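Me: I would like a close look at one part of this chain, a sheet and what packs on it. Please walk me through it strand by strand, with the cut-offs.

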Amino acid sequence: MADTKFLYLFEEGKSDMKNLLGVKGANLAGMTNIGLPVPPGLVITTGACREFVFGGGRFPPGMEGQVKQGLKFLESKTGKKFGGVEKPLLVSIRSGTPVFVPGIADTVLNLGMNDEIAGGMAAGPGGRRFALDCYLRFLYMFSEVVFACDHRKFDSVLRAGAGKKGGLSAGDLEEAVQSLKKLIEMETGRPFPQDPEDQLFMAIKSAFSSWESRRAKLYRKINGIPDSLGTAVIVQAMAFGNMGPDCGAGTAFTRNPTTGAQELFGEYMPNTQGDDVVTVDTSPRPVESLKTEMPGVYDQFLEAGRLLERHYLNMQHVDFVIERGRLHILHTRNGRRTIRAAIKIAVDMANSGLISREEAVSRVDAAQVDQLLHRRIKPSPGLKVIALGLPASPGAASGKVFFNPGEAEKASQQGDSVILVRNETVPDDLSGIIAARGILASRGGMASHAAVVARAMGKPCVCGCEALDIDYTGGLFTVGRLTVKKGDFISIDGSTGQVILGKAPIVDPDLSEEFSEILRWCDGIRTLGVRANADTPEDAEKARKFGAEGIGLARTEHMFMAGDRLPVAREMIMASTAEERHGALNKLLTIQRDDFYRIFKAMRGFPVTIRLLDPPLHEFLPNSEDLAVEVTRLRFAGGPPGELKAKEDLLRRVRRLSEFNPMLGHRGCRLGITYPEIYATQLRAIFEACADLTAEGCEVLPEVEIPLVMDAGEMAYLKEIVHRAAREVMSETGTSFRYLIGTMIELPRAALLADELAAEADFFSFGTNDLTQSTLGFSRDDAEGKFMNAYLDKKILDHNPFQVLDRKGVGKLMRMAVELGRQTKPDLIIGICGEHGGDPQSIEFCHQLNLDYVSCSPYRVPKARLAAAQAAIRQTPGATEK
């Protein structure tokens, strides 16, 4: 045991020894060994901490002797003596864990001082004020870390110097030192220890003991960090930033963490030690000012930055001290940065040869890419945040509050910016959603109707804002005592969930060339295709702009929801005879044919998956409760007889079409089987658009998707209707075009019978929104509004399964469907078109399943391209090596 090595000099360690030396210790060793100006030091290993903890708070045999021997090395390196009076060696004590753990002991500076040594330093080159300044800092930090003294009373003494020019004088410092020594003696019942060696081992013991602090243990338990890791302790010779005007301390980045520009960025304080407990009257200065104030130091910093980046292959965040015009690096770590800076830094480093393109792609956080594609609220004083909801769809918008979708549409047509405020949205609200700049809902979650539709349209949305009490009748909502009325301005931030009173300043997105470049690299790396969910020609154009390689889901029902089209859809549903229904269907045929024509043209030969009508018919009709109220009003108010009869007929039809469980009711392929003329009309619209474009010499590839299939018999029946429509159009137009027929896998039975379905299908597309609902037995909107948070808080589920794919359940069905389907048809095309198609974790799972593509809303396409590339890199050993 005594032969165990518990101590490493910086020169003996390496950058990759983080488990043994902690992150700080390993980085200090790495910096020392590449020639950076690092004050000499030593690291007591995490192994010593483990033995200290397991040994009941006793240092392991041999450790103290190794520390004393290490101090002799520091004495020889510095020419100073630990405990000496004339040229005393003072040290700092820092804890250093292998991973971040809060609750570990803070830093102690200037350890090794006592009354006699302070007197000797006062006679030295720094003078009396320097000596007392160092002693006061040491007493303060040591008593806080080792003795856990309460400094609240003493802080007022220190802060009193804030109003004095030059801060505390030597006399003030002397008085403060004596006051603090008395406070320590009162708190501990004994005088402050004067033996530097005692101080050292007391500080090391406190650092080791902090690994077992209540806060540290709780954090490790919550985050699954092993108790056996332990903390290292760093003992390092002091560099003094408080010896005069050519000294200072600060922190800086080797590149700009906001923009990514290759320039030093940070700040420093002259004539200070950095961890300031002593008040000074100097404001921080930008590191750039060193160029004129201390040009020699600035040049040293530039060279140190180059060395750090060449060694760590990343932007670094550095803590430094300047002592008498000489730079000393105390600590480095990879610097945090904005997503914009992350992309620029990654691209610049790859183009300069520091890292590979694969490594550059891996360094960009796919979850943050949304921030680049949407407008955002500019941080500014005076913003009044009145409520906080779920950040359901990124972006920011300001506008007048409207509660009624119809009124929102009219206001928008008159030139007003609109925020649609609802308890929750339903398909009938689509005209108002289209008109609005943003949507605010008091209910619903990240996968609610409002969230899904807003993301598809690229509009900001805040859901689940339970602080809102909405009064539709009064045309207002309240938050506590605050009342916001129809027509008042509010702003919403769909990236943070904030609701802000009034007009907030909004910044438009600005896509950089580096962003485009890294996406091009992604396209060369990924094997997974990326398509978009797009329901309109405008969405299709957006999708192509963001790099989509086709459309993975075009929901034909959304084509009916626009204000001028909904009456035609209702006419079709309300028809009492086949002749009336065909008349309405012919009107819809013209509308949809034009939409399909423009969507195909926008896609320029890329595949377009068109889902035939899926939702229950009653979703196209008004809300039955609202209708009943209107009928009652007309009866008692004596309205026009014709209007009353029309409303009564509509109410009867709505009630006749309503269902107890619409999600599992008369929808999907069941509509096509009971009303084949509806699907036949849609198919004719699809194929007539194909014929027109084919005649113009344009390439088209429609993929007809039959929804909610649970049996191969349904596929066989509807497949024949598809073929018949295609044959008729080709015969009538004299054209020929290719098309595929497939189905959406959104029911467990469909996944279980995938081998049979594959015999009738050219492609599968996983509709994971409904597949998640039908597998878990969760209604998406009810779950997110009522019990999902409880499941997440109690760790029953790790993630919301409507945001991150449930691999254990839904994922198992998907894997089974892929294997069964490709057993029957090896070249079966398989993709995913649910909301999960834009989630990085879910995209990685799709890559592992060897799917052909993922499909998501247009604004999530860049994120999907990046996530697909990162998934491919993670599955390729050594892919990130330069």
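Reply: What follows describes one sheet, after a short note on the chain and before some residues elsewhere.

This is a predicted model, in which local features need pLDDT of at least 70 and side-chain atom pairs count only at pLDDT 80 or more, while totals for chains, interfaces and linings use all residues. Residues are numbered from 1 along each chain as its sequence is written, and side-chain values use heavy atoms, with hydrogens and water left out.

The chain has 34 helices and 31 strands; these are DSSP runs numbered from the N terminus, with at least four residues of H or I for a helix and at least two of E for a strand. Of its 882 residues, 56% are buried. Buried stands for under 20% relative accessible area, exposed for over 50%, and partly exposed for what lies in between, with a 1.4 Å probe and protein chains only. Along the principal axes, the C-alpha atoms fill a box of roughly 110 × 65 × 55 Å.

Now the sheet. It is open and has five strands in the order S8-S7-S6-S9-S10, with antiparallel pairing. Strands S8 (285-286) and S10 (326-334) are at the edges with a single partner strand each, so one side of each has no neighbour in the sheet. Helix H11 (residues 295-312) packs on the sheet and touches strand S6 (248-253), strand S9 (316-323) and S10. The direction of H11 makes about 30° with that of S10. Such angles run from 0 to 180 degrees between N-to-C directions, the axes being lines fitted to C-alpha atoms, for helices over the stretch in contact. Contact means heavy atoms within 4.5 Å.

As for the pairing, strands of a sheet pair through backbone hydrogen bonds, either parallel or antiparallel. Two strands count as paired if DSSP finds at least two bridges between them. Starting at the S8 edge, S8 and strand S7 (residues 265-270) run antiparallel and are joined by two bridges. Glutamate 267 has proline 286 in S8 as its bridge partner.

S6 pairs with S9 in the antiparallel sense over six bridges, and phenylalanine 253 has histidine 317 in S9 as its bridge partner. Six of the eight residues of S9 are buried, so this strand is largely enclosed by the rest of the structure. On to the other edge: S9 and S10 run antiparallel and are joined by eight bridges. Aspartate 319 stands opposite histidine 331 in S10. The hairpin of S9 and S10 has two residues between the strands, and arginine 324 in this hairpin takes a positive phi near 50°.

That sign deserves a remark. Most residues other than glycine have a negative phi. Elsewhere in the chain, alanine 148 has a positive phi near 55° and lies in the loop between helix H5 (127-145) and helix H6 (152-159). With 58% relative accessibility, alanine 148 counts as exposed. Arginine 604, not a glycine either, has a positive phi of about 50°. The loop that holds arginine 604 lies between helix H21 (578-603) and strand S26 (607-611), and at 54% relative accessibility arginine 604 counts as exposed.

One helix outside this sheet can be set beside S9. Eight of the nine residues of helix H17 (residues 449-457) are buried, so H17 is largely enclosed by the rest of the structure. Among the buried residues of H17 are His449 and Arg455. Glycine 458, just after H17, takes a positive phi of about 75°.
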